[in-house]
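User: I am new to this model and would like a close look at one spot in it. Please start there, then walk me outward to other parts.

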Amino acid sequence: MKKQEIKTDGIPNPPPIKRKGKHSRLGDYLVIGIFLVLIYGFTVASLLSPEKGFSENENRVLASKPDFTVDALFDGTYATKYETYVTDQFVLRDSWISIKTGVERMMLKRDINGVYFAKDGYLIEKLDEEDINKDQMNKNITYLTNFIQKYASILGEDRVHAMIVPTAYEILTDKLPAFATGFDQDTLLDAIQSVLGANFVDTRSILRAHADDYIYYRTDHHWTVKGAYLAYTEWAKASGFTPWSEEDFTIRLVSSDFLGTIYSKVNTKVTPDDMYIYDTDESYTVEYNMDKIKHDTLYALDRLETKDKYTVYLTGNNALVEINSTVTNGRNLLIIKDSYAHCFAPFAANHYENVYMIDFRYFNMPVSSFIESNNITDILVLYNASSFLEDRNIYNLSR
């Protein structure tokens, strides 16, 4: 065996460096080449593909290519918007979301794309403390307080209410992972209750008492019709009505394959949700956006054939919805709302001659004019806590 040479200082000479052969270097170049083709190839393919305006899977409008200006370039807004545009328009986006979710779950990430994988198959959205615009939150509380107090003095204390509903994150705490963190919605709801008093319908107790029931969807950010029914019973009592019991309705399962908005954020294999409707023998007519077309049902069953099955409830988001019933008590309800109201309104319709729903994202008429011109006797402001925090349109309560 050949002895290793020793330096004069007693330190062994290092073994000779083995240089890569031609085939080894070609392998490295091949890996680099494939990587560059994937990155730049998919980017170019995305830019050359027709721009998509709406993602049915995610149920949202996708970012369009931003207009270039020198000011936008130097203040950074152009780069930010362009990055969002490329991300939204990336070719095979849904497949990449699914791959990304699988990889991040293997890496044991705390949450994926703002979603916790919770117990019993629930996907629960998180809302971090640092994501809260406290200035916007305080403004919205002020707008709401001034509006409720103004119309309570005009219409009566028991005729005007606000119902800001906690999301699944706040109610289904036993299903959350042990490490889950997020904004404490009780902070918001306590602040609203402290200024509105009896005009605030607090749904936290009844929802927590039924946390083991099917009151929130597993794959969607909405409450289920069961959750809406429980809230309805609290609101009805505050409004001076005897709430209908569940036995007064025919409860029907209408779908077992609903995959909602939270599912679309992670696009991974989950158990679809069930959807129910609470039918009655009462007669109603419904008109959307003053189109002069009278529909004789509160449920758009044809929407169950679409991706966004939640639109089975009053066809989803509209600027204005008018529900007429056979009730004759001279009372007309205005619901100022987000989409949590869509499966709630059919319960309220059993107590009023007319129920109107307006959505400030699409409705531009001053609310004061609408109240006066439609002989509104009762008002409910209904939002989920997350959307109430973020919605800049709530300032329209002051119009």
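What is the relative accessible area of asparagine 113, and how does that class the residue: buried, partly exposed or exposed?

Analyst: Asparagine 113 has a relative accessible area of 44%, so it counts as partly exposed. Keep in mind that this is a predicted model. The residue sits in the loop between α4 (93-106) and β3 (115-117). Its backbone deserves a look too. Phi of asparagine 113 is near 55°, a positive value, and the residue is not a glycine. Most residues other than glycine have a negative phi.

Asparagine 375 also has a positive phi, of about 50°, and is likewise not a glycine. This asparagine 375 belongs to the loop between α12 (367-373) and β12 (378-384).

Another loop brings us to the surface. Phenylalanine 68 lies between β2 (60-61) and α2 (70-75). Its relative accessible area is 49%, so phenylalanine 68 is partly exposed. The cut-off for exposed is over 50%. Phenylalanine 68 has company: together with Val70, Leu73 and Phe74 it makes up a nonpolar surface patch. The accessible area of these four residues together is about 460 Å².

Now turn inward, to strand β9 (residues 320-324). Five of its five residues are buried, so the rest of the structure largely encloses this strand. In a regular strand, side chains alternate between the two faces of the sheet. Both faces of β9 are covered. Leu320, Glu322 and Asn324 are buried on one side, Val321 and Ile323 on the other.

Strand β9 has partners. It pairs with strand β8 (residues 285-288) in the antiparallel sense, over four bridges. There, tyrosine 288 stands opposite valine 321 of β9. β9 also pairs with strand β11 (residues 354-358), again antiparallel, over five bridges. In that pairing, leucine 320 has isoleucine 358 of β11 as its bridge partner.

Next come the charges. The structure has 20 salt bridges in total. One of them joins arginine 208 and aspartate 186, with 3.2 Å from N to O. Arginine 208 is in helix α8 (residues 204-209) and aspartate 186 in helix α7 (residues 185-196), so this pair ties together parts that lie 22 residues apart in sequence. The two ends differ in cover. Arginine 208 is partly exposed, at 37% relative accessibility. Aspartate 186 is buried, at 18%.

A salt bridge also joins arginine 204 to aspartate 190, at 3.0 Å from N to O. Here too the helices are α8 for arginine 204 and α7 for aspartate 190, so the link spans parts 14 residues apart in sequence. In this pair the arginine is the buried end: arginine 204 has a relative accessible area of 6%. Aspartate 190 is partly exposed, at 41%. These four residues belong to a network of salt bridges, which also includes Glu170 and Asp202.

Helix α9 (residues 225-238) offers a more local case. Its glutamate 234 and lysine 237 form a salt bridge of 3.2 Å from N to O. The two residues are three apart in the helix, so about one helical turn separates them. Glutamate 234 is partly exposed, with a relative accessible area of 25%.

Threonine 233 is in α9 as well. It is buried, at a relative accessible area of 10%. Leaving out residues up to four places away in sequence, threonine 233 touches Ile206 and Pro243.

The same helix leads to the aromatic rings. The model has 25 aromatic pairs. One is stacked: tyrosine 232 with phenylalanine 347, at 5.3 Å centre to centre and 25° between the planes. Tyrosine 232 lies in α9 and phenylalanine 347 in helix α11 (residues 345-348), so the pair ties together parts 115 residues apart in sequence. Both tyrosine 232 and phenylalanine 347 are buried.

Phenylalanine 347 also pairs with tyrosine 278. This pair is edge-to-face, at 5.3 Å centre to centre and 85° between the planes. Tyrosine 278 comes from strand β7 (residues 273-279) and phenylalanine 347 from α11, so the contact links parts 69 residues apart in sequence. Tyrosine 278 is buried too. These three rings are part of one aromatic cluster, whose other members are Tyr229, Trp235, Phe241, Trp244, Phe249, Phe344 and Tyr352.

Technical notes. Residues are numbered from 1 along each chain as its sequence is written. This is a predicted model: local features need pLDDT of at least 70, side-chain atom pairs count only at pLDDT 80 or more; totals for chains, interfaces and linings use all residues. Side-chain values use heavy atoms; hydrogens and water are left out. Buried means under 20% relative accessible area, exposed over 50%, partly exposed in between (1.4 Å probe, protein chains only). Patches are made of residues with over 30% relative accessible area and no salt bridge: like charges are joined within 9 Å, nonpolar side chains (Val, Leu, Ile, Met, Phe, Trp, Tyr) within 5 Å. Accessible areas come from the Shrake-Rupley method with a 1.4 Å probe; for residues, only the protein chains shown count as cover. A salt bridge is a side-chain nitrogen of Lys or Arg within 4 Å of a carboxyl oxygen of Asp or Glu. Contact means heavy atoms within 4.5 Å. Two strands pair if DSSP finds at least two bridges between them. Rings of Phe, Tyr and Trp (its six-membered ring) pair if their centres lie within 6.5 Å; planes under 30 degrees apart count as stacked, over 60 as edge-to-face and the rest as tilted.
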